[in-house]
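User: I should like to work through this model step by step. Please give the reasoning for each answer and finish on the value or name requested.

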Amino acid sequence: MALILELAVQGAQMILVLLLAPLLTGFVRKVKARLLRRQGPSLVQPYRDLLRLMRKEVVLADNASWLFRVTPYLIFATTWVAAALIPTFATGLTFSWTADLIAIVALLGSARFFLALAGMDVGTSFGGIGSSREVMIASLAEPAMLLIVFSLALVAGATQLSTVAAFMGSPQVGLRVSLGMSLIALVMVAVAENARIPVDNPSTHLELTMVHEAMVLEYSGRHLAMIEFAAFLKLLLYMSLICCVFLPWGQATAEAGPESLAPGVVAYIGKLAVCGILLAVFETAIAKMRVFRVPDFLGAALMLALLGTLLLFVSRSL
Amino acid sequence: MTALSLDAVAAVLLIPASAAALLASLPNYRISAGLNVGASLLTLLAAVSLFVTDRPLPGQYLLVDDLNIVFIVLNAFVGFTTSVFSASYIAHELETGRLTVPNLRFYHAMYQIMMFGMNLAFVSNNIGLMWVAVELATLTTVLMVGIYRTHEALEAAWKYFILGSVGIALALFGTILVYMAAQPVVGEGTNAMVWTVLIEHAARFDPALLNVAFVFLLLGYGTKVGLAPLHAWLPDAHAEGPTPISAVLSGLLLNVALYAVLRFKLLLAASPEAIAPGPLMITMGLTSLVFAAFMLYRRRDIKRLFAYSSIEHMGIIVFAFGMGGPLANFAGLLHMVMHSLTKSAIFFTVGHIAQVKGTQNIAEIRGLTETHPGLGWALVIGVVAIAGLPPLGIFMSEFLVVSSTFARHPLLAMPLVFGILLAFGALLLRLTGVAFGEPRGSTAPAEASYIPMYSHLALVFAAGIYLPPSLVTWFQHVASILG
Amino acid sequence: MNGLTFDIAHLLAGGLVLVSFMMLYQDRLFALINVFALHAVVLALSVAWQAYIQDAHHLYVTAAIALVFKAIVIPVGLHRIIQRLGIHRDIETAVGIGPTMLGGIGLVALSMVLMLRVTPEADPLAREDLAFALSIILLGLLVMVTRRNAVSQVVGFMSLENGLVLAATGAKGMPLVVEISVAFSILIAFIVIGVFLFRIRERFDSVDVGALDDYRGEHR
Amino acid sequence: MISSAAVLLWGVAALLGTAVLAVSESRRSGSGTRLIYGLTLGISAAVLLVLASRIANDPVTPSTAALPLGLPWIGAHFRLDALSTFFLAVVNFGGAMASLYGLGYGRHESAPHRVLPFFPAFLAAMNLVVMADDAFTFLLSWEFMSLASWALVMAHHREQDNARAGYIYLVMASFGTLALLLAFGLLSGPGGNYTFEAMRAASPTPLATAFVLALMLLGAGSKAGLVPLHVWLPLAHPAAPSHVSALMSGVMTKVAVYGFIRVIFDLLGEPAWWSGVVVLFLGGLTAVLGILYALMEKDLKRLLAYSTIENVGVIFVSLGLALAFRANAMPSAAALALTAALFHVLNHSFFKSLLFFGAGAVLTATGERDMEKLGGLIHRMPLTSFAFLVGCVAISALPPFNGFVSEWLAFQAILQSPDLPEWGLKVMVPAVGGLLALSAALAAACFVKAFGITFLGRPRSAAVEPAHEVDRYSLTAMFSLAALCLLAGIVPGLVIDGLSSVTLPLIGSRMPVQMAQPWLSIVPIATSRSSYNGLLVFLFIAFSAAAAAYAIHRFASHAIRRGPAWGCGFADVTPSSQYTAVSFAQPIRRVFGTFAFRARETVEMPPPGQTGPARLDVEMHDVIWETLYLPIGKALDFATDHLNHLQFLTIRRYLTLVFLFLVVLLLVLALWP
């Protein structure tokens, strides 16, 4: 019985992230439009886009290989799994011990790996641009992310997200400089990973500045749908990660039982909304930077994370 | 029984001597070449028989003990293989007209006289006699080095002769000094020059005299060992003489001189107040090693290259004996034997290579393993062996020398390792040039006798893997004698 | 032994050293050879004296060898060679005469110091002899080192051998093997050198070693 | 009952026999090749069976054997304990795979008589190194291993580069051997106790311990390719035939690691805490620099060789952690770190062999190693490219493949480090963790480049046109390796439990039993802290991908239209407009190149309106080579030039030398007290 319930909860979370992801993106877009005093597309526009793309035929480049066609599903699958493994509204899910934070980062890494390959498959210069820049950004973002993981793990004594969340929720965590640093670093990494302004502009199609869009330039129809969906999921994933680690309140715990689930969901959606608004404001406030300023941006994140970790190492010994 | 073994000793001396006389009278070079081989073989058999027959008591002039049997047998063996090699070598020299038939008559006679001299040096129990023998061997080699009568050959022989005779003189003075030191203790007359007597009473000899004597002996015989800075004659003599002589020089004559040095080292070690010979030998050894290693890099003549490598290895051997102690002495002996075998094998190979390619210039020899696999791979194995790579014999001795030295005097091991590595780099550099790469020069098939070189290399290989216990105990015993 | 015999032996040995010094400042080949002849004569005398005081008769043989070969045969032979080869008659020195002499004095001092450390119970005459012999040897080497002509080098070498003979005869009761060997080696030396001179004569215009050095095995 | 060590010795003997046989067989290229590689395959497989039985029954209790060879008064000792069993398994599995691959690949060999005799000898030597139980046997086999591999590097000796590579390789190798020789000299002491038992028993002074560590880093490090002793590796490994390159990169470097572990963890006894710092620093440096070099490389095989350097760095980082923990009496953490290192050894031997096999396949198909001339091979060699892709994913440490597991374990070990007391370690460890993460990310970038440029896109030269799929032997080898990469990734618990028998004797501790965990997940310390389940991750990905695909094909349109690629309005016809290996690496070069390679880019733009081509020049320096190795060469030249005058003195001058030497010695005597 309990097992079934847990499985149900796990399943519910997987479905939930699937459902929420486009909505979140729609919400961010809406808020941005509002901030610019535009009407903006409706909240459900992303769903419509996905469906439309599904229905369209796929135009494949002449020398696109099997890899090109498999990639969208792989990306979608890995991102989805990663997203499903993050405690969103409830901690201590059945399969939460399947992968810790490092593994989740690595999962996203494999998604990126295949996306970059797909960008190079067709053999146009734009795919190349996108892939090479993407791996450059990743080569800085991933270490930063892992250092953040280190400092979290050092505070919570675990890389297991449920444990981390539980610990961060508990009073003994207190207020720490290093945590602040890792929060900032995490936000910067999230921005870079999700190809948001100022690192990249999801809505641009100006070839020389785009990174993510350049890689998926050749995709169309259902393949593009998969990739877009993966992108939505990724945004959601990072937001829920930030929420789970830094605003861990109101999450339902395994022992709290089913009745605590509903408030958990509500709290979760609330947190997402807050983050979405913040993101929108942030993006409207600043301008996109040149591609080769990105390393400095991420380098700063890396340094912050490393500093945070070092501070922790030192403070642990005091 | 004793009579028999006396005969064995006598045979070791008489066979070469009589063969020399016979060869001098024989005009036909083919017969004399064969006779040369035969005589050397007989000498070898006689030498081996020294093992089985029990030894004669040390007389006033002759002595057979554990130490010199090793040298004698090695000497006879390499002498034999070299004679086999030279038989096939000189034939080609005649064709190319570098040598004439009378030359060969002289050559063969000298060869046997030289063997006689070296054997005599080994078995002599009398330091005066030993001196005479060493000089005899030296002078014969001088004449053989000059045999081609080219400018270079003459000049090399001249250089060898002048430096050699100075060495002669210094060694003689050293010998006289030893006599002077012995005379008050032992009393006048021949006894004061008899080795076995000397070593008994060495403790009571005048240390100051012994010190001076050792300096002169070390310089005198060290000149023939080819220790830097007394080495100058060695490279040219190796490079310009006939290759069999180069092989004998590197493989044997250096050992003869080394043997003499060792004898006197023992004498000095037996006298407590005298200076310790070790440091001096260690210094000279290291100097020769490092110096030769540096010199290897700039060589253009392949025979001169390996001549310098001989200097390097003599340096290692002298260093090992200078270090002393059972391990180092064992290593020194082993290294000496291995070096003789390997280096003579290398010279056999090089001789044929030079004949095939018509040049000794390294730059003009390329890709031997393509054009002449037999010679090329022999050279590769030989150089690999001489560079101290396993699984060949020299690796074992270098292993022992280096590790024991580092355990005892780490600072001494540094220059040793440095020199070895330096020499390795140079030899390998030349080897890659000569044995590999785009073939260059004549590709005519070589009419070479592969047996001598490959038999040597096989021995070296076997020794690198497995040393028969009897030999080991023998060497250990000798090492303990050497203190 | 009484003082007189000792003094005579001392005198002769010292004279030998003196003659070695004379060799150092010769600048003509003939003069050098003549001085060498003198050297040999003095050597013969001292050897003979040694033979007398040790009454070791075999030493007379050595004295005779020294006299005949070194004082007569070899100088004459060298004269011949010089004329035959038309070698220019003056000696090219590598180091100036003056410094050479100074060096020579230093060498003599060195050999004295070395030999005087020998424990005195060794027969004093022997010690003196050794000291002188060592200095003669070193001086001979010095001649070889500071002279450029082959002939003068040969001469220097032979004076070195003289030193050896002196030492050998000074050594009481040293068996005949030594003298023979010395004579033997000198003989060999001379023959071989002669052979070489001829071969070299065939090919070069002088026996100046410098000319040979142009035919070094490896050319720069 | 014959001891398993003795059995393995028979295997070695068989290999050597094969080598001798090969000398005659190699002339008949076709059948000879098949015979020799068949034999080596059989022998390695047999040895693997012996090892398997040993692992199954009792891997811990050592089995020894001795032969009356080698140093006479010591003899040749061989010992088979858990550690050597593990490494023997690695060696022989690599050997078996290389032989299998060689069955097909060897047929294209131009000079079989220069490969066949040395291949079995090489295998035999590596086996001997791992089994050796006394210093002499160890060093003899070690140097023999170098020698055999050198001969294989020189197989195609007509190319100048190969000759140079061989030269540098063997010089560096014997430098390393001399360093090891000195280390053993210290361990054995003046008595000359060269057996490992005696060394275990002996307790060296702290100073000696420090020296031994330094010498081992020089000796084993130079063989493993530790920066800055790595210079020979990217020259030598690619020069050999590809299956040999696979052996050298995938296995020989591991033998070097074995040597390091054997001496430092087994023979030397308690390490000082700072030894961990040194090893960590070198490892981190090696990892990052190695992968950066690889990124800048455009020769496929050299890229792989450089990535080998990176992986060696990763291994040494874990070893350094193990040392640090061991020095501070944290056995469980030390066991974790050591397990991570050994696991990575295994993984790297898998995927590096696989990748080199793939490179070899490309080489045989196109005759090109230069990626700038390749491209689009995925259409012509689909199977090879699939196997190669698996290798790339695995080596990029991406789940659910094996590469990720070992890196994950290493990170877990790093997370244990805050309890370390020393400040040096406190500062060093997180920094090294950052370096490790950086190298992992860069590795992903590097292999995106390797695969993308070689197999994807459009052909960049005519060399690709004739390319076709390789023979079945090669494919079998590649696919079995690929399968193992996945297998070790999804059931890592099996491997970890196997490794516990190795760490137990060395560290005195082990990781918790993994196979007992539910759902085959692995747990370094405790589930609450961290756990990973490759199997489930794999299943989830498979499931969700399948679900998505099903949904799509159920509900979405199936229409597909092929058309020209969209070039944003600029229809480019020439493949040369694609990104090349160099241009792909350009952004990363911009970021790291300036300090790692002193890279400088100069762009010459034609003035506006003119149609002349623009020029982009990139100038890069191999900093280590130029600052460390060139000066040595210069110094050598200088010294030899000046000493060489001594060959050209006149006789009189030589006499002067003798004379002066005599006088000096006499003076010394005169002044002697």
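User: Which chains have the most contacts between them among the four pairs of chains that touch?

Analyst: The model is a predicted one. In it, 74 residues of chain A are in contact with 72 residues of chain D. Among the four pairs of chains that touch, the most contacts are between chains A and D.

User: Which element of chain A supplies the largest share of the side that touches chain D?

Analyst: Several elements of chain A each supply at least two residues of this side, including helix H2 (45-55), strand E1 (58-61), helix H4 (101-121) and helix H11 (294-317). Helix H5 (125-156) of chain A is also one of these elements. The largest share, 17 residues, comes from H5(A).

User: How many residues of each class, nonpolar, polar and charged, does the side of chain A that touches chain D have?

Analyst: The side in question belongs to the contact in which 74 residues of chain A take part. By class, its charged residues number 12 and its polar residues 19, while the nonpolar residues number 43.

User: How far apart are the nearest C-alpha atoms of chain A and chain C, which do not touch?

Analyst: Chain A also has no contact with chain B, and the closest C-alpha atoms of chains A and B lie 40 Å apart. Chain A and chain C do not touch either, and their nearest C-alpha atoms are separated by 56 Å.

User: At what angle do the axes of helix H6 and helix H9 of chain A cross, and what is their arrangement called?

Analyst: The axes of H6 (residues 161-169) and H9 (residues 221-246) of chain A come within 7 Å and cross at roughly 50°. An angle that is neither under 35 degrees nor over 145, and not from 65 to 115, counts as oblique. The crossing therefore makes H6(A) oblique to H9(A).

User: Which residues make that contact, and into which classes do they divide?

Analyst: From H6(A) come Leu161(A), Val164(A), Ala165(A) and Met168(A), and from H9(A) come Cys244(A), Val245(A) and Phe246(A). By class, the residues of this contact include no charged and no polar ones; seven are nonpolar.

User: Why is chain D described as being as compact as a globular protein of its length?

Analyst: Chain D has 23 helices and five strands. Its radius of gyration is 27 Å, and the globule rule gives 26 Å for 673 residues, so the two values are close and chain D is as compact as a globular protein of that length. Along the principal axes, the C-alpha atoms of chain D fill a box of roughly 105 × 70 × 60 Å.

User: What percentage of the residues of chain D count as buried?

Analyst: A residue is buried if 20 or more other C-beta atoms lie within 10 Å of its own. Of the 673 residues of chain D, the share that count as buried is 61%.

User: How far apart are the end C-alpha atoms of helix H13 of chain D, and how many of its residues are buried?

Analyst: H13(D) covers residues 331-366, and at 1.5 Å a residue its 36 residues should span 52 Å; the end C-alpha atoms are 51 Å apart, which agrees. Just after this helix, Gly367(D) takes a positive phi of about 70°. H13(D) is largely enclosed by the rest of the structure, because the number of its 36 residues that are buried is 33.

User: Where does Pro400(D) lie, and what is omega for the cis peptide bond that joins Pro399(D) to it?

Analyst: Pro400(D) lies in the loop between helix H15 (382-395) and helix H16 (402-415) of chain D. Ala397(D) lies in the loop between H15 and H16 of chain D as well, and has a positive phi of about 55° although it is not a glycine. The bond that joins Pro399(D) and Pro400(D) is cis, with omega about 5°.

User: Is Ala195(A) buried or exposed?

Analyst: Ala195(A) is found in the loop between helix H7 (177-193) and helix H8 (212-215) of chain A, and its phi is positive, about 55°, although it is not a glycine. A residue needs 20 or more other C-beta atoms within 10 Å to be buried. Ala195(A) has 21 C-beta neighbours inside 10 Å, so it counts as buried.

Methods: Residues are numbered from 1 along each chain as its sequence is written. Chains are lettered from A and ligands numbered from 1 in the order in which they are written. This is a predicted model: local features need pLDDT of at least 70, side-chain atom pairs count only at pLDDT 80 or more; totals for chains, interfaces and linings use all residues. Axes are lines fitted to C-alpha atoms, for helices over the stretch in contact, and angles run from 0 to 180 degrees between N-to-C directions. Helices (H or I, at least four residues) and strands (E, at least two) are DSSP runs, numbered from the N terminus. Two residues are in contact if their C-beta atoms, placed from the backbone, lie within 7 Å. Ala, Val, Leu, Ile, Met, Phe, Trp, Tyr, Cys and Pro count as nonpolar, Asp, Glu, Lys and Arg as charged, and the others, Gly among them, as polar. The radius of gyration is taken over C-alpha atoms; the globule rule is 2.2 Å times the number of residues to the power 0.38. A residue is buried if 20 or more other C-beta atoms lie within 10 Å of its own, exposed if 12 or fewer, and partly exposed in between; C-beta atoms are placed from the backbone. The expected span of a helix is 1.5 Å times one less than its number of residues.
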